[in-house]
Amino acid sequence: MDFLIRKAGWDDVPGIMRVMETARDTVPRREWFVADEEPFVREHIEGNGFVLAAQAENGEIAGFFLIHIPGLTEKNLGRSLGLPAEELPAVAHMDSAAVLPAYRGNGLQARLLREAERRLAGGPYSIWMSTVHPDNRYSLANMLAQGYRVAATMKKYGGLDRHILIKRYR
């Protein structure tokens, strides 16, 4: 299958939300995927990060990857790892990714991640971080294959187990 990987726009929000809700409802274990609310997605369409969409040949949004720029907020994963204060502004979160079941197996999550990294490379965000449930072998394998490493495992998002992964660009 061929997909167009592109920056998402306002018109893509309903499709992204459908992918997110479907992912939430179809993961093997509910705690593996925490769906974001629509305002959070909209906030990232044109600011505070960006959203990439994988568009199928039929025009359907097959998957997405949301990149969050946490700045110096308390939610910056660098704080969880005890990064020095001067490194916190360089953190970007590879925040949320999902693919519709009909399009799984096409390497879309990895393709979207590589495109997100390409867009971030050379800019001010050189510390890339993500969270993955320890038992979510699919997402974990994708992140590890792209050079991320597990830096810590702790409770996040209201008490859910998560690996915190990190990759330094420079």
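## Burial of helix H2

In this predicted model, the elements that cover the buried residues of H2 include E1, H1, E2 and E3. The buried positions in H2 are Val41, His44 and Ile45. Viewed down the H2 axis, the buried residues lie within an arc of 115 degrees, and they therefore line one face of the helix.

Gly47, located just after H2, adopts a positive phi of about 155 degrees.

## Helices on the sheet

Helix H1, formed by residues 13-26, lies across three strands: E2 (49-56), E3 (61-68) and E4 (91-99). The direction of H1 is at about 95 degrees to that of E3. Helix H2, formed by residues 38-45, also packs on the sheet, where it touches E1, E2, E3 and E4. The angle between the directions of H2 and E3 is about 75 degrees.

## Sheet architecture

The sheet is open and consists of seven strands, arranged in the order E1-E2-E3-E4-E5-E7-E6 with mixed pairing. Its edges are strand E1 (3-7) and strand E6 (149-156), each of which pairs on one side only. From one strand to the next, the twist averages 25 degrees.

Strands of a sheet pair through backbone hydrogen bonds, in either a parallel or an antiparallel arrangement. Strands E6 and E7 run antiparallel and are joined by seven bridges, with E7 spanning residues 160-168. Across from Asp161 in E7 stands Lys155.

Definitions and conventions: Residues numbered from 1 in each chain as written. Predicted model: local features only at pLDDT ≥ 70, side-chain atom pairs only at ≥ 80, totals over all residues. Heavy atoms only, no water. Pairing = 2+ DSSP bridges. Helix = DSSP H or I, 4+ residues; strand = E, 2+ residues; numbered from the N terminus. Axes fitted to C-alpha atoms, helices over the stretch in contact; angles between N-to-C directions. Contact = heavy atoms within 4.5 Å. Buried < 20%, exposed > 50% of the residue type's maximum accessible area, 1.4 Å probe, protein only. Arc of directions from axis to C-beta.
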